[in-house]
Amino acid sequence: DLATRASYPDWVVEELRAVTGDAVEDVLAAGNRAAAMTLRPNPRVTTPESLSAEIVDAGATVERGRLVPEAVIVRGAGDPAALPSVVEGRATPQDQASQAVVAVLAPAPGERILDVAAAPGGKATALAERVGDAGQVVAGDVDAGRLRLVGAAAARLRLANLGLVRCDGRRLPVAEALAPFDAVLVDAPCSGLGVLRRRPEARWRTRPDAVPGLAALQRDLLREAATAVRPGGRLVYSVCTLTAAETVGVAEWAVEVLDGFAPEPRPPAPWRPHGPGALLLPNAADTDGMFVLSLRRRAVA
């Protein structure tokens, strides 16, 4: 059967079939292909063109992203952590799907943004790069050890505008200094079925009975995050998974329950409409699988 041929648990195949339909075999095949190294240029100090030239000069090959044109896909460069461009803060390893979530949130120079579950810091640092020195990003996480990873990434990129707060996203600090924000990102813990090409063992480690609990956590994080958004501000929810409960299920709940919030337009193809949000299948642009929902809080009349 398909599960045996593709080397996936039966429940994962059935979950993905229910969500992706006729694309299920392509989605499963994408999860079995090793991911190429993808870099996010730091716009404060370089350009995609300059970064590409630097890497080619060192003997590797590059191409530009299909989903995120600024992304630089690298082959033949070895350990990404040892690349001079990464060590010296000109680039950060980050899949195009994660870079695209930041593009959906669309941070503007000077904005204040909260990343509720920020570790290990890929999206938080991308946001801080975009808001500039006049802006501020607050990165929260419940795990002190993982929050230190965010701090290390900020130090490598010299992002003085990124602050760290250890907190449970279900009970955000209510101090005046921490709210409200122009935008809040909830990149929530999830079952991870969109990143199986990078973490293939997760297909066997994740259990189907874990999904309802994860969806409940995601709803709790969103409910609390909504309280930190200023009138007229944005709330973005993302997960690197494809289960119905964690994607369209949470999104439909959010639209119904979060008073004063309305869905924003979905990102264009290769994203595909999925309830009030959008789904990116891993075979669509050779990226991780991702779901995103963007909501805007009603401005005060």
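Here is a short tour of a predicted model, with something to select at each stop.

**Stop 1: helix H3**

Start by selecting residues 24-31, which make up helix H3. Which residues of H3 are buried? They are Val24, Val27, Leu28, Ala30 and Gly31. Look down the axis of H3 and you'll find that these buried residues fall within an arc of 160°, so they line one face of the helix. A bit of background helps here: an α-helix has 3.6 residues a turn, so residues three or four places apart point the same way.

Now add the neighbours. Show helix H1 (2-6), helix H2 (10-20) and helix H9, and you have the partners that the buried residues of H3 pack against.

**Stop 2: the cavities**

Stay around H3 for the next one. Rolling a probe the size of a water molecule over the atoms shows where empty space is left. Searching the whole structure turns up 2 cavities of 30 Å³ or more. The largest cavity has a volume of about 60 Å³. To see its walls, select Tyr8, Leu16, Val27, Ala30, Gly31, Leu193, Gly194, Val195, Leu196, Arg197, Leu242 and Pro282. Helix H3 gives the largest share of that lining, with 3 residues. Colour the lining by class and you get 9 nonpolar, 2 polar and 1 charged residues.

Then jump to the second largest cavity, at about 40 Å³. Its lining is Glu264, Pro265, Arg266, Pro267, Pro276, Gly277, Val292, Leu293 and Ser294. Which element supplies the largest share of this lining? That's strand S13 (residues 290-297), with 3 residues. By class, the second largest cavity is lined by 5 nonpolar, 2 polar and 2 charged residues.

**Stop 3: Arg197 and its partners**

Go back to Arg197, one of the residues lining the largest cavity. Select Asp95 too: Arg197 and Asp95 form a salt bridge, with the closest N and O atoms 2.5 Å apart. Arg197 sits in the loop between strand S8 (181-187) and helix H9 (202-205), while Asp95 sits in the loop between strand S4 (91-93) and H6, so the pair ties together parts that are 102 residues apart in sequence. Are these two buried or exposed? Both Arg197 and Asp95 are buried.

Widen the selection to Asp95, Arg197, Arg198, Asp286 and Asp288, and you have a network linked by salt bridges.

**Stop 4: more salt bridges**

Side chains of opposite charge can pair when their charged atoms come close. The salt bridge count for the model comes to 19. Pick Arg40 and Glu129 next, where the closest N and O atoms are 3.1 Å apart. Arg40 belongs to strand S1 and Glu129 to helix H7, so this salt bridge ties together parts that are 89 residues apart in sequence. Arg40 is buried, with a relative accessible area of 6%, and Glu129 also counts as buried, at 6%.

Try Asp168 and Arg170 as well, whose side chains meet in a salt bridge at 3.0 Å, N to O. Here Asp168 is buried, at 16% relative accessible area, whereas Arg170 counts as partly exposed, at 39%.

**Stop 5: the second largest pocket**

Select Val68, Glu70, Gln99, Ala103 and Arg130, the lining residues nearest the centre of the second largest pocket. What is the volume of this pocket? It is about 410 Å³. In total, 25 residues line the second largest pocket. Strand S1 (37-41), helix H6 (96-105) and helix H7 (122-131) each supply at least two of them, and H6 has the largest share, 5 residues. The lining divides into 16 nonpolar, 5 polar and 4 charged residues.

**Stop 6: two single residues**

Still in helix H7, click on Leu127. Leu127 is buried, with a relative accessible area of 0%. Leaving out residues up to four places away in sequence, Leu127 touches Val102, Leu105, Pro107, Ile113, Val137 and Leu185. Draw a C-alpha to C-alpha distance from Leu127 to Ala108 and you should get 8.9 Å, for residues 19 apart in sequence.

Finish at Arg158, in the loop between helix H8 (144-156) and strand S7 (162-166). Arg158 is exposed, with a relative accessible area of 61%. Beyond residues up to four places away in sequence, Arg158 touches Arg44 and Glu88. From Arg158 to Glu111 is 18 Å, C-alpha to C-alpha, with their positions 47 residues apart in sequence.

Technical notes
Residues are numbered from 1 along each chain as its sequence is written. This is a predicted model: local features need pLDDT of at least 70, side-chain atom pairs count only at pLDDT 80 or more; totals for chains, interfaces and linings use all residues. Side-chain values use heavy atoms; hydrogens and water are left out. On a 1 Å grid over the protein atoms alone, a cavity is a set of points where a 1.4 Å probe fits but cannot get out, and a pocket is an open set with protein on both sides within 12 Å along at least five of seven lines; lining residues have an atom within 4 Å of a point. Grid points are joined across faces, edges and corners, and a volume is the space filled by probe spheres set on the points. Helices (H or I, at least four residues) and strands (E, at least two) are DSSP runs, numbered from the N terminus. Ala, Val, Leu, Ile, Met, Phe, Trp, Tyr, Cys and Pro count as nonpolar, Asp, Glu, Lys and Arg as charged, and the others, Gly among them, as polar. A salt bridge is a side-chain nitrogen of Lys or Arg within 4 Å of a carboxyl oxygen of Asp or Glu. Buried means under 20% relative accessible area, exposed over 50%, partly exposed in between (1.4 Å probe, protein chains only). The arc is that of the directions from the helix axis to the C-beta atoms. Contact means heavy atoms within 4.5 Å.
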